[in-house]
Amino acid sequence: MQKIVWMLILVCALGLSACATRAGAQMQVEPSPAPGGTLQARPLISPTAALPPTQTSTAHAPATTTSTPTARPLATKTPTNTATATPLACLSQGGRIETDSLRTLLLRLPMDYRVYVPPCYDQQTSHRYPVLYLIHGQSYNDDQWDRLGVDETIDRLVEAGQIAPFIVVMPRDRYGGQPSENNFAQVVVNELMPLIDSEYRTIPERSQRAVGGLSRGAGWAVHLAFVYWEQFGALGAHSPAIFYDDAQRMRVYLDTIPPEQYPRLYVDVGDKDRPEIMDVSLWFEKLLNEWDVPHEWHLFSGYHEEAYWQVHVETYLRWYAQDWSE
């Protein structure tokens with residue numbers, strides 16, 4: 001009965017949270033789920049104790065600085081001219097987005113995905129790169145992080161020498177349901193990651209691989225980082241909608257992972273986000289405190305909408321890249 005009540009709450013609340021604005025928008029329903037799955041929102045757990053402090057938590061990590069990235073044009077970049085560019089020139093030419101799909105027996109339809117390769121990837125052929133996996137929110141697809149300006153922001157920061165270059169992979173989750181009803185995570189870890197490591201010059205090490213997401217995508221990121229903890233060294237949960245299945249097992253996950261192997265962790269939410277998203281974010285942060293898991297906690301100003309995440313894209317990317325160097 002408890003699970004049914006949580007499901008009903010989220011069908012009303014989170015079904016709307018994926019919209020680009022907080023009111024007057026209509027949720028776009030994805031295609032029918034994979035065999036054995038159901039299309040539904042993510043049940044959450046409400047906190048059981050007092051709310052943690054607002055703004056940035058200083059008990060676990062230093063404060064970060066936010067800034068607004070430049071607006072992102074919708075057009076996809078064209079490949080760098082490898083015949084004439086020099087290493088210095090290629091920095092100013094930027095990276096590019098590639099699109100592809102992965103056919104798998106675990107999903108009814110292929111998994112579409114985008115790959116961002118950074119500036120000078122084609123010129124510096126002996127260089128290998130860390131990889132960030134970014135997952136979109138419910139009712140969106142693999143272009144969401146692209147539209148929010150991930151590639152332009154990395155281009156600018158790399159050209160300025162403020163972060164090291166890295167690859168970004170953006171897979172599409174077509175179906176709803178819990179992890180027990182959706183093979184998305186298995187495909188990412190067992191099929192997509194090996195494919196990316198074979199086709200791109202990655203550094204296939206845990207310390208050089210991170211995962212993050214927004215809303216439902218943050219739920220997947222939490223699931224991936226905690227269930228497949230040997231694979232990811234950092235986890236970003238932005239306005240997280242944690243799965244009911246994972247919420248029930250979170251203490252088991254934390255007990256299974258050796259404390260020295262906890263991923264580097266970042267959690268943020270807008271102070272005007274939907275109550276259910278706020279509740280689960282606060283519950284998650286409280287649990288991390290109880291288990292003494294080092295993490296950054298941020299309560300920023302904003303709603304559960306793309307405008308909020310776009311404002312913080314640069315902050316997110318700087319955080320992911322902070323342990324990666326040339």
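Start by selecting Trp319 and Tyr320: both of these residues are buried (under 20% relative accessible area with a 1.4 Å probe on protein chains only, while over 50% is exposed and anything in between is partly exposed). What you have open is a predicted model, where local features need pLDDT of at least 70, side-chain atom pairs count only at pLDDT 80 or more, and totals for chains, interfaces and linings use all residues. Numbering runs from 1 along each chain as its sequence is written, and side-chain values use heavy atoms, with hydrogens and water left out.

**Stop 1: the rings**

Stay on Trp319 and Tyr320 and show their side chains. How are the two rings arranged? They form an edge-to-face aromatic pair, 5.2 Å centre to centre with 75 degrees between the planes. (Rings of Phe, Tyr and Trp, using the six-membered ring of Trp, pair if their centres lie within 6.5 Å; planes under 30 degrees apart are stacked, over 60 edge-to-face, and the rest tilted.) By that rule, the count is 11 aromatic pairs. Now add Trp145, Tyr266 and Tyr316 to your selection, and you'll have one aromatic cluster together with Trp319 and Tyr320.

**Stop 2: helix α10**

Next, select residues 313-321, which make up helix α10. (Helices are DSSP runs of H or I with at least four residues, strands are runs of E with at least two, and both are numbered from the N terminus.) Why call this helix largely enclosed? Because eight of its nine residues are buried, the rest of the structure largely encloses α10. Colour the buried ones to see for yourself: Val313, Glu314, Thr315, Tyr316, Leu317, Trp319, Tyr320 and Ala321.

**Stop 3: zoom out**

Switch to cartoon view and take in the whole thing. The protein has 10 helices and eight strands. Buried residues account for 57% of its 326 residues. Then there are the contacts (heavy atoms within 4.5 Å): of those with a separation of 6 or more, 80% join residues 24 or more positions apart.

**Stop 4: a helix with a kink**

Select residues 184-199, which is helix α5. Where does it bend? Look at Leu192, shortly before the proline Pro194, for a kink of about 35 degrees (the angle between axes fitted to the seven residues ending there and the seven starting there). Now colour the buried residues of α5: Phe184, Ala185, Val187, Val188, Val189, Leu192, Met193 and Ile196. To see what they pack against, show strands β1 (96-102), β2 (111-117), β3 (131-135), β4 (167-171) and β5 (209-214), plus helix α6 (216-227).

**Stop 5: two residues that touch α5**

Click on Tyr133, which sits in strand β3. With 1% relative accessibility, Tyr133 is classed as buried. Leaving out residues up to four places away in sequence, Tyr133 touches Val169, Leu192, Met193, Ile196, Arg209, Ala210, Val211, Gly212 and Phe232. Try the distance tool on Tyr133 and Val211: they are 78 residues apart in sequence, but 4.6 Å apart C-alpha to C-alpha.

Now hop over to Met111 in strand β2. Is Met111 buried or exposed? Its relative accessibility is 1%, so Met111 is buried. Its contacts beyond four places in sequence include Asp100, Pro171, Phe184 and Leu192. The C-alpha atoms of Met111 and Pro171 are separated by 6.9 Å, with their positions 60 residues apart along the chain.

**Stop 6: a hollow**

The structure holds two cavities of 30 Å³ or more. (On a 1 Å grid over the protein atoms alone, a cavity is a set of points where a 1.4 Å probe fits but cannot get out; lining residues have an atom within 4 Å of a point.) To find the second largest, select Leu107, Pro110, Met111, Arg172, Asp173, Arg174, Tyr175, Asn182 and Phe184, which line it. That cavity holds about 30 Å³ of space, a volume filled by probe spheres set on grid points joined across faces, edges and corners.

**Stop 7: two loop residues**

Finish in the loops. Cys120 lies between β2 and β3, and its phi is positive, about 70 degrees, although Cys120 is not a glycine. Cys120 is buried, at 1% relative accessible area. Then select Ser215, in the loop between β5 and α6. Ser215 has a positive phi too, near 55 degrees, and is buried at 2%.

Conventions: On a 1 Å grid over the protein atoms alone, a cavity is a set of points where a 1.4 Å probe fits but cannot get out, and a pocket is an open set with protein on both sides within 12 Å along at least five of seven lines; lining residues have an atom within 4 Å of a point.
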